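Biologist: Please take a close look at one part of this model, the packing of its helices and the nonpolar core around them.

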Amino acid sequence: MTITNDDKDRHQNRCEKMEVNDNNLRSQYTIGSNDFIHEVGERPKKNVKEKFHEFSSCLNSNSKTVFTYKTITKRLPILQWWPTYTTADCIGDLLAGITVGLTLIPQSMAYSALAGLPPQQGLYGSFVGSLMYVFLGTCKEVPMGPTAIVSLMTYNTLHGLGPVYGTLLCFLTGVIQLLMSIVGLGFLIDFISGPVNSGFTSAVAILIVASQIKDLIGIKAAGTTLLDMIISISKDINHFQLGDTWLGIICIVVILLLRRMALYQIGPKDVKEQTTFHKIMNRSMWLIGTFRNSIVVIVSSYVGYVYITSTGHDVTSSEIPPIPFKVVGKIPSGLPDFDLPKFSITRDNGTTVGFFEMVSNIGSGVIVLPIIALIETISICKTFADGKPVDATQELMATGLCNIGNSFFHAYPGSGSFSRSAVTAASGVRTPMEGLYAGILVIVALLFCTPYLYYIPKAALAAIIIAAVIFMVEVRVVRPIYRSKKSDLIPGLATFFACLVLPLEIGVLIGIGLNLVSILYHAARPKLLIEVHKTRDGINYLMVTPDRCLVFPSVDYVRNLVMKQSLKRELPVVIDCSHIYGADFTAAKVIEMLTQDFSKRGQALFFYNLKPSVVAVFEGVQPKGFITYYHRHDLDQLFQRWKHQRQQMENSSAD
């Protein structure tokens, strides 16, 4: 590295002080990712014994930090809020838990049907995860259990493989999420932008509605993409049942009206100005609207009970009741057996399907589904965090352990639910303890209410799903995205249409791929501010300021622009490196060629405010004519020396 002679000693002293004890200067020169930071100077060589001793010491110190009170309370958040838990908190959580439980029971059965699994499997995944999240969760508004998005992903992943594969998928989902939390891969959700998330959610909502049309009109249909569903529905549309259609439409209308009732208030808007009558009426309407799913299920089940008993049908038989609409049918009573997921199964012909073959049959969804479930949970946490940071690693661990626990009770994958989270927040929840009461309510339903679940019409469950997901179509975000940055619509719309016409995991990967392409493009095409400045001696020069680090995708682009502008204006060039916090070997080689080109033309090229870590990278290739400076007044001396050298060269060439 070449520095001005007048300031060489002063610069060396300043670097030595920085290395010894000046933390402020050190932080100033190490902005950005540590991947680009390299210590200047030689490191002492260590033998194998010293390296092993250093590794064991590091491992010992890390193991001690794992068992500190701070780490334990961080991984068991219940220890943070339980010491201050009050009676008022208990009452608030109890009311919220009952409210969520009454919503969870019909929703879990409906979502299980959406996943192509028996209704009881949704109930099995609605109590263990809720109980575990009480101890592991960080967000009080997150109720663990089946959700619309994860259920549709489960359906597309299993392709009708059955409950055994659903339980294995739940276990693998939990294991993958837990491993991601252990190795700190929670940052992966940052690669899914808001437009991609909105496009995926909107496409899923449309797919869910399309998948429920078959139960809404009483026909048989299947398919994983929108086109497949439309073709399948059109083939069997002639066999639609008027009873299912009318019952489903009525249920949807009632649910939407009750939902509207929950949002409506009478009297003054200010609660302090409302009378007791106004408060009682508003609270009653909110409760009725909140329990809309349970109300629809209870009323429609009673209608099914009246129809079936009037025909004298034997509900213990496997025959379909002779009534105008389809019902859920027999559901096993009692809690599921505690059992490990099956890692191998035996076919009817006596052959055995091993674990790896089962995973192969599940396909790529076993990787995509855990990430989608995490995104849903993290989005809920961010929505209700009130500006506080969200610990994605802890949520990964909590969701993973909940899914692992659910798999021991024959459940399928679950996560946090947007619709139930809104109910939880509006119910006055205080802590994650509400999951305990919601889980107990599901257990009570499994123990004592399963005989009555026989009479629930399938059209009513389809209506519950449709009425819940139609509000997931995020049409309102299109205009703000268009006003903010039009190019962000490209990955969002691409994800939306790709998820409709292709398998969901492919659609998500396309959206993520477009995001990465956008990131790489901006990394490869940094913005350069090019200005003509003048020194105090009246020398004009070109100041080029890149806005980011120099790595192999961008360095050739920067070099070409610098060369083009320097040849066009025939001025000395100063590259302001204030924003360059890192570089690589490719960048160093290009800088070497750039300095050689300027030296051959006799044109000045200086580097301003280049960080020592980057200087070390550039000096690794030993470039000639590589000159840096750190103070504005040094530039005058550099130009004076350059002019003097240029005059000497001109005189020598003239002689």
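Modeller: What follows deals with helix 11, its contact with helix 13, and the nonpolar core. This is a predicted model, in which local features need pLDDT of at least 70, side-chain atom pairs count only at pLDDT 80 or more, and totals for chains, interfaces and linings use all residues. Residues are numbered from 1 along each chain as its sequence is written, and side-chain values use heavy atoms, with hydrogens and water left out.

The axes of helix 11 (residues 194-217) and helix 13 (residues 242-263) come within 7 Å and cross at roughly 120°. Axes here are lines fitted to C-alpha atoms, for helices over the stretch in contact, with angles running from 0 to 180 degrees between N-to-C directions. Helices are DSSP runs (H or I, at least four residues), numbered from the N terminus. The crossing angle therefore makes helix 11 oblique to helix 13; angles under 35 degrees count as roughly parallel, over 145 as roughly antiparallel, 65 to 115 as roughly perpendicular and the rest as oblique. On helix 11 the contact (heavy atoms within 4.5 Å) involves Asp215, Leu216 and Ile217, and on helix 13 Asp244, Thr245, Gly248, Ile249 and Ile252.

Helix 11 also supplies nine residues to the largest nonpolar core, the largest share of that core. A nonpolar core is a set of buried Ala, Val, Leu, Ile, Met, Phe, Trp, Tyr and Cys residues joined through side-chain atoms within 4.5 Å, where buried means under 20% relative accessible area (1.4 Å probe, protein chains only). This core has 91 residues, and Phe200, Ile208, Ile372 and Leu504 have the most contacts inside it. Leaving aside residues up to four places away in sequence, Ile208 touches Leu114, Ala148, Ile149, Leu152, Ile465 and Val469.

Technical notes. Helix = DSSP H or I, 4+ residues; strand = E, 2+ residues; numbered from the N terminus. Buried < 20%, exposed > 50% of the residue type's maximum accessible area, 1.4 Å probe, protein only.
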